[in-house]
Amino acid sequence: MAHFVWLLFLFLSSATACDQCVHQSKASFVTSVSAITSGACGYGSSAISLSGENLAAGVSSLYKGGAGCGAGFRIRCKDPKLCGNKGANVVLIDHNYDNQTDFVLGFFALLDMANDGLARDIYKQGIVDVEYKRKPCVFENQNLYVRVEESSQIPYYLQIKLLYQGGQTEIVAIDVAEVGLTTGTP
């Protein structure tokens, strides 16, 4: 019996944490890229360099307290009359506090998903059914980029942003040590 309970737990935990699985959800759209770039991840105008203008805000389970910032997703509208099979690749740069949709997408992601000439029809619907899955980020000619923010000029305060993290994982911790500082015993 204990083995059955362990197997059931393993199955349930892997089913809910599947980055490769296709998830069914809903998405809404904004017409202004600035509505998303000023978001919770703090990328500002540099967000456009992450994925052109295919940007998105995601719900808490995708945003992950900020660890989901910069994550890539493949999102496809499910209405075959309005949308093609291609879908759009987006980068998560904001937190979506709305509990009606998993994503708020920029208008350029909508253009990528829509059949020719039908983007405005999708936008008028407000909310559309989508399917999505996590997609590894690939930044051509870029490595992990660490940017020290201007607010770090305040004594005893260090704020950094990590950009161009390729792959399909989140950075959840960073250790920073002062140069020349010795810790522990030699």
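Trainee: Which strand gives the most to the lining of the largest pocket?
Mentor: This is a predicted model. The lining of the largest pocket takes 4 residues from one strand, residues 160-163. No element gives the lining more. That strand is E8.

Trainee: Which residues lie nearest the centre of the largest pocket?
Mentor: The lining holds 24 residues. Five names lie nearest the centre. They are Tyr43, Gly66, Ala67, Cys69 and Leu162.

Trainee: How do the lining residues divide into nonpolar, polar and charged?
Mentor: The pocket itself holds about 440 Å³ of space. Its lining has nonpolar, polar and charged residues. The split is 16 nonpolar, 5 polar and 3 charged.

Trainee: Cys69 is in that lining. Which cysteine does a disulfide join to Cys69?
Mentor: A disulfide is a covalent bond between the sulfur atoms of two cysteines. Here the cut-off is 2.5 Å between sulfurs. The sulfur of Cys69 lies 2.0 Å from that of its partner. The partner is Cys41.

Trainee: Is the disulfide of Cys41 and Cys69 left-handed or right-handed?
Mentor: Look at the torsion about the S-S bond. For Cys41 and Cys69 the torsion is about -85°. Therefore the disulfide is left-handed.

Trainee: How many residues apart in sequence are the parts that Cys41 and Cys69 tie together?
Mentor: Cys41 lies in the loop between helix H2 (34-37) and helix H3 (48-51). Cys69 lies in the loop between helix H4 (60-63) and strand E3 (72-77). So the pair ties together parts that are apart in sequence by 28 residues.

Trainee: Is Cys69 buried or exposed?
Mentor: Buried means under 20% relative accessible area. Cys41, the partner, has 8% and is buried. Cys69 has a relative accessible area of 18%, so Cys69 is buried.

Trainee: What is the handedness of the disulfide of Cys77 and Cys83?
Mentor: The structure has 2 disulfides. One of them joins Cys77 to Cys83, S to S 2.2 Å. Both cysteines are buried. The torsion about the S-S bond is about 70°, so this disulfide is right-handed.

Trainee: Now the aromatic rings. Why is the pair of Phe103 and Tyr132 edge-to-face?
Mentor: A search of the whole structure finds 4 aromatic pairs. In this one, the ring centres of Phe103 and Tyr132 are 4.8 Å apart. Planes over 60 degrees apart count as edge-to-face. The pair is edge-to-face because its planes stand at 80°.

Trainee: How many residues apart are Phe103 and Tyr132?
Mentor: Both residues are buried. Phe103 is in strand E5 (residues 103-106), and Tyr132 is in strand E6 (residues 127-135). The pair links distant parts of the chain, 29 residues apart.

Trainee: Which helices does the pair of Phe107 and Tyr123 link?
Mentor: Phe107 and Tyr123 are edge-to-face, at 5.9 Å centre to centre and 80° between the planes. They are 16 residues apart. Phe107 belongs to residues 107-113, and Tyr123 belongs to residues 119-125. The helices are H5 and H6.

Trainee: Is Tyr123 buried or partly exposed?
Mentor: Take the partner too. Phe107 has a relative accessible area of 13%, so Phe107 is buried. Tyr123 has 33%, and the partly exposed class runs from 20% to 50%. Tyr123 is therefore partly exposed.

Trainee: Which residue lies over the face of Phe73?
Mentor: Ring pairs link Phe73, Phe103 and Tyr132 into a cluster. A charge sits over the Phe73 ring, at 5.8 Å from the ring centre. The residue is Arg134.

Trainee: What is the phi of Lys64?
Mentor: Most residues other than glycine have a negative phi. Lys64 is not a glycine, yet its phi is positive. Lys64 lies in the loop between H4 and E3. The phi is about 55°.

Trainee: How far apart in space are Asp121 and Leu82?
Mentor: Asp121 is found in helix H6. Asp121 is partly exposed, at 33% relative accessibility. Asp121 and Leu82 are 39 residues apart in sequence. In space, C-alpha to C-alpha, they are 7.6 Å apart.

Trainee: What share of the protein chain counts as buried?
Mentor: The protein chain has 6 helices and 8 strands. It has 186 residues. The buried share is 37%.

Definitions and conventions. Residues are numbered from 1 along each chain as its sequence is written. This is a predicted model: local features need pLDDT of at least 70, side-chain atom pairs count only at pLDDT 80 or more; totals for chains, interfaces and linings use all residues. Side-chain values use heavy atoms; hydrogens and water are left out. On a 1 Å grid over the protein atoms alone, a cavity is a set of points where a 1.4 Å probe fits but cannot get out, and a pocket is an open set with protein on both sides within 12 Å along at least five of seven lines; lining residues have an atom within 4 Å of a point. Grid points are joined across faces, edges and corners, and a volume is the space filled by probe spheres set on the points. Helices (H or I, at least four residues) and strands (E, at least two) are DSSP runs, numbered from the N terminus. Ala, Val, Leu, Ile, Met, Phe, Trp, Tyr, Cys and Pro count as nonpolar, Asp, Glu, Lys and Arg as charged, and the others, Gly among them, as polar. Rings of Phe, Tyr and Trp (its six-membered ring) pair if their centres lie within 6.5 Å; planes under 30 degrees apart count as stacked, over 60 as edge-to-face and the rest as tilted. Buried means under 20% relative accessible area, exposed over 50%, partly exposed in between (1.4 Å probe, protein chains only). A charge sits over a ring if NZ of Lys or CZ of Arg is within 6 Å of the ring centre and within 35 degrees of the ring normal.
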